[in-house]
Amino acid sequence: MQFFRVAGLLLVSFAIPSIAQSSLKLIPVPREVKSAAVQPLSQGVQISCGSPCAAEDQLAIDDLKSYLASQGIAVSASSPVNILVTRYGSPISRSILADASGKQGTPGPVDFPAEMKAEGYAIIPDGKGLAITAASDAGIFYAIQTVKQMFLGNGTNAVLRTATIRDWPAMRYRGLSDDLSRGPVPTFEFQKKQIRVLAAYKLNIYSPYFEHTMQYTGHPLMAPPGGTLTQAQARELVAYAAKYHITIIPEQEAFGHLHYLLDWEKYSPIAETPHGHVLAPAQPEAQKLTHDMFNELAQIFPGPFLHLGADETVELGKGQTKAAVDSQGLGQVYLDFLEKIVADLKPLNRKLLFWGDIAYKEPDLLKQVPPSFKQATIAVPWEYNPQPKGFTRYIKPFTDAGFETWVAPGINNWSRVYPNWNNGLANIQQFTLDGQKLGATGQLNTIWDDDGEALSNANWYGILFGAEAAWHQGEASIPTFQSSFGENFHGDTTGKIDQAQQEIMAAHKLLKDSPYKTDAQDLLFWQDPWNADGQRIAPQIRAILPELRLHAERALTLVAEARNANPNLRESDALDVLELGARRMDLIGLKFQISDEIAASYAHAYALQGSKKKEDREDVARELNLINGVNGRLQDMRNNYSLLRDLYEQAWLKSNRTYFLRNNLERYDFTIQMWLGRIDKMRTAQRQWANSQTVPPASDIGIPAPPAN
């Protein structure tokens, strides 16, 4: 790197190798970055345009000002620290950008490489602040998003960490698919927050996933009251997202995953199987449904893309279409119907995405589809777990057949007490890397809410790593991300939030590596440890329960310590959900431990009931009281589930509408009632002991036998 000073400005040529960030913890990591001075902001910061500000640039500057206000950092024209915003090609930008090949002391202008011009930017220290330049609206916006991450601290104690940066994305399309159909439906305000956060980390696609939660005037039965994105809201969201350089791609399932619609009697004739999930391709009304939905969507979402879904059509050939599948083959019937949909929607003049999980199994058929089909579509292969042999087999059938292809990893949040980042980060890293190697033009990271319990504020870690992997050229570094997230997203300089996330990862791994072989699923959280299934699971995880709980409790302690160290941590709702995840994981361990203790205590009491010794009779009463009394073990179960119920409800309402919440609260209420019922049964046993000096068999109460050891 070479530096020059002209008219008081620090000039720099960009003959810079890719240098890992040092004190800066930027997400995504820029291609080229070299840290420079740290500027104190006791007098705030000024922000200026090197030439008359374009309206688009002013929007980006206003976004920066809003962020600074949220951190208590003053914007002041008298501050000695300046953020200079200038468009590439302006006289000031040419004076800032210097060509090292020029004569010594007289550097000339240098062009951005072609790949930088669409979304790239440069940031240069100018002695007492930063100068930024870019060739596009998006480039200026992304430069400012990086600058936001270069501020550290709050108020007059804040600092600006300056650096020389040149940056541009590896993938043109970088997005998030957000499940709005499996339970939680975000509030409209939370969707706006999602847009802001996605944009802050340089994502440019937001894809809401609809099975039945989009409002269609032509099919009003679909939309559940209280759980629907209205057309007015959708239009407002499109306009809002555009200000943040985000295109919204609505995904409406057009083949499978239509169970909620096909439950209605009106739509029974077009279901492959009664009240199933999949449309019957031979039914004309099935294609009319897709025609109607997408023609409405096209009027609401003006972007260049629509998403057909068309994944997991597992019932195809099991009902109305059986004869066709038996004679033509599953792949042929599937692709034929997809071709009909694409041909029918051609007048909309949109690129149509479709999930690739069915079609990738038919590489020969993919090569035979008409060129018009390939030109009109984008294949999106998906796979959500790490693959030791990589993801080539999911991608190549489409790239070899000439399809534009995006890859779709997943954050692994579904059906878990807290997302499993062991799976999520590895999946996102390798799938995105393999996509880049094979020419994929986009990445669509995914959130799924399969059992309806997932909390949106648990997902940011995986969303941000998806942004890192899609922007980053080559393999994104998991360790670098893990050491940057806490400071970058929460403002935690202690590293404790990063450690807390890794404690949860360690707890997941402990369960996965045990004979149980499954991570911390919601099913395990709800599992009754006294029933036959619970008794089957108990010996598989008994040995790891203390360590499992210690990981969860260390996560809780670390979050508390980080909050105590900095009361101004950002994204406190996400920290609440991290704590809730740790508490749920801790209760998984506690309930199996307590169940063993109850079983052992009751067996001991039952064995002593015939004794004439006073001390034995006292032991019986003591054991029964330990099980059921003030601070009894059964009360522990009631108390913990009651507390978590309240915390869960609070967390849900921070991001979601009330729609579907009752389903999840009923699980808590049912479980609390189950333990209350056991409290009552134990109280009856205690009265029997007081009255007759006998206790009923454990089986009368439902208590399992104690573990053999």
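I began with helix H7 (residues 284-300) of this predicted model, and asked whether its length fits its residue count: at 1.5 Å a residue its 17 residues should span 24 Å, and I find its end C-alpha atoms 25 Å apart, which agrees.

I then looked up which residues of H7 are buried, and noted Ala286, Leu289, Thr290, Asp292, Met293, Phe294, Glu296, Leu297, Ala298 and Ile300. The list holds Asp292 and Glu296 alongside Leu289, Met293 and Phe294. What covers these buried residues includes three helices, H5 (231-243), H6 (259-262) and H9 (330-344), together with the strands E15 (251-252) and E16 (305-307).

Next I turned to the pair formed by helix H1 (residues 55-70) and helix H3 (residues 137-149), whose axes come within 9 Å and cross at roughly 15 degrees. Because angles under 35 degrees count as roughly parallel, I entered H1 and H3 as roughly parallel to each other, and I recorded their crossing as right-handed. On the H1 side the contact is made by Glu56, Asp57, Ala60, Ile61, Asp63, Leu64 and Tyr67, and on the H3 side by Asp137, Ile140, Phe141, Ile144, Gln145 and Lys148. Sorting the residues of this contact, I have seven nonpolar, one polar and five charged.

Last, I checked Asn488, which is found in helix H15 (residues 478-490). Is Asn488 buried or exposed? I put Asn488 down as buried, because its relative accessible area is 8% and buried means under 20%. Leaving aside neighbours within four places in sequence, I find Asn488 in contact with Lys25, Leu26, Ile27, Gln149, Tyr201 and Arg570.

Conventions: Residues numbered from 1 in each chain as written. Predicted model: local features only at pLDDT ≥ 70, side-chain atom pairs only at ≥ 80, totals over all residues. Heavy atoms only, no water. Helix = DSSP H or I, 4+ residues; strand = E, 2+ residues; numbered from the N terminus. Expected span 1.5 Å × (residues − 1). Buried < 20%, exposed > 50% of the residue type's maximum accessible area, 1.4 Å probe, protein only. Contact = heavy atoms within 4.5 Å. Axes fitted to C-alpha atoms, helices over the stretch in contact; angles between N-to-C directions. Parallel < 35°, antiparallel > 145°, perpendicular 65-115°, else oblique. Left-handed = near helix turned anticlockwise from the far one by under 90°. Nonpolar A, V, L, I, M, F, W, Y, C, P; charged D, E, K, R; others polar.
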